Amino acid sequence: MVTTGDFELEERHSLRRVAGLSTELTDVTEVEYRQLRLERVVLVGVWTDGTVADADNSMIELAALAETAGSEVLEGLVQRRRAIDPATFIGRGKVDELKDAVVNTGADTVICDGELSPSQLRNLEERLNVKVVDRTALILDIFAQHAKSKEGKAQVELAQLQYLVPRLRGWGMTLSRQAGGSGSGAGGGVGLRGPGETKLEIDRRRINTRIAKLRREIKAMRIIRDTKRASRARNEVPGVAIAGYTNAGKSSLLNRLTGAGVLVENALFATLDPTTRRARAADGREYTLSDTVGFVRHLPHQIVEAFRSTLEEVAGADLVLHVVDGAHPNPAEQVRAVREVLADVDADRVPELLVVNKIDMADPETLLMIKRDWPGVMFVSAHTGEGIEELRAAIEERLPRPAIELRAVVPYDRGDLVDRVHRLGEVLSTEHGEGGTLVHVRVPRGLAAELQPYVQ
């Protein structure tokens, strides 16, 4: 059966970037005012602490991010330093080596594994004469490509503008002072005396105005989301949030558990917009399963802030299904990164069920280590279906039980009430008699009030 996710995947693949378009900085005045366009890239990172394996895993992840953004990775360089160089990120000598790599490979973009300051970005572009992108800008570019909903697009634009504001800078006459004070400076002269404003200041003001508008829009969307969440809370429908590292298989797991048919792709941050689907427990109770945006090591704080209303779905859940990629070389680092973000949005107090996915691709020794370090962890494969029924049972066991237990004889003309008892409550027993249906149930308080006239 063809699903909505299949159509989205086909559309995404049809819009892949065209290779071979040069992005060399022939006009540096445009660097901050055009869309990121990544084709042939060289990666560079700084190894300041941790092991060699940690540095390698970080570069492998950066390469996966670059490929997800639509680029071809040509080479990767790692510089061993005690601390980040405040001027060029990697140090003056390594910049020369990096320039040789750019020239030899014909790359048109350099991606740094870290967040660059405005001065570092400017210095590297001046020395390399190609576009330089840091890890934060790369992730924001992927988010911009993959956001589909109105809320998701607004959140991504807000994060991009917050990232851009401190990095606005002037080059040549294009962004120089238009008019200024006494006019005694280089930009002074006839017609330029009096109160003035630089083009940078104009751009910054326009961006801040746009940021304020986006925040108002997201706040209005947040009210809609809160209303839906309040409706579920009022009906006491339990909620399960699926959280985890990007590309751990959260969407695949949602499809396997509910048949949601959302987009699935072997790429980082393939799905951004949260999806909520209803599921039914073996005893008839309904609960919701919500897929959330994936996390990553050093997730940009602009993303966390912009997507806070979306991430609060996790904080309001009754259970967090924390999905871990069992085929990843360092699953413990994934778990740590996810828990850091959950703590940022006050979701670290929600009960957690750790689920290791992709066990069909995982190393058996890694699975044994995970089982030793995290007792009670569930092992599944969303691809093959292995362990899914056990996971479903574990979820249902951890769902909150309805508060009130009672016996009632519901008249046959109130079949709607019996149906709601099965959907929202836990049915312990049921019998059919002359006066109606005898039910022994645990139900939420609101439903218990409606059953009160029929209680024995």
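How many bridges join β11 and strand β13, and in which sense do the two pair?

## The three-stranded sheet

In this predicted model, β11 and strand β13 (residues 437-443) are joined by seven bridges in the antiparallel sense. Within that pair of strands, Arg 407 is placed opposite His 440 of β13.

Both strands belong to an open sheet of three strands, ordered β11-β13-β12 and paired antiparallel. The edges are taken by β11 (404-410) and β12 (426-432); each has a single partner strand, so one side of each lacks a neighbour in the sheet. On average, and with direction ignored, neighbouring strands of this sheet are turned by 15 degrees against each other.

## The helix across the sheet

Helix α14 (residues 415-424) lies across β11, β12 and β13. Relative to β12, helix α14 runs at about 145 degrees.

## Aromatic rings

A search for aromatic pairs over the whole structure returns zero. A charged side chain does lie over a ring, however: Arg 80 is found over the face of Trp 47, at 4.2 Å from the ring centre.

## Gln 120

Is Gln 120 buried or exposed? Gln 120, which is located in helix α4 (residues 118-128), has a relative accessible area of 6%. Buried means under 20%, so Gln 120 counts as buried.

Apart from neighbours within four places in sequence, the contacts of Gln 120 are Ile 84, Asp 85, Pro 86, Ala 87, Thr 88, Phe 89 and Glu 115.

Definitions and conventions:
Residues are numbered from 1 along each chain as its sequence is written. This is a predicted model: local features need pLDDT of at least 70, side-chain atom pairs count only at pLDDT 80 or more; totals for chains, interfaces and linings use all residues. Side-chain values use heavy atoms; hydrogens and water are left out. Two strands pair if DSSP finds at least two bridges between them. Helices (H or I, at least four residues) and strands (E, at least two) are DSSP runs, numbered from the N terminus. Axes are lines fitted to C-alpha atoms, for helices over the stretch in contact, and angles run from 0 to 180 degrees between N-to-C directions. Contact means heavy atoms within 4.5 Å. Rings of Phe, Tyr and Trp (its six-membered ring) pair if their centres lie within 6.5 Å; planes under 30 degrees apart count as stacked, over 60 as edge-to-face and the rest as tilted. A charge sits over a ring if NZ of Lys or CZ of Arg is within 6 Å of the ring centre and within 35 degrees of the ring normal. Buried means under 20% relative accessible area, exposed over 50%, partly exposed in between (1.4 Å probe, protein chains only).
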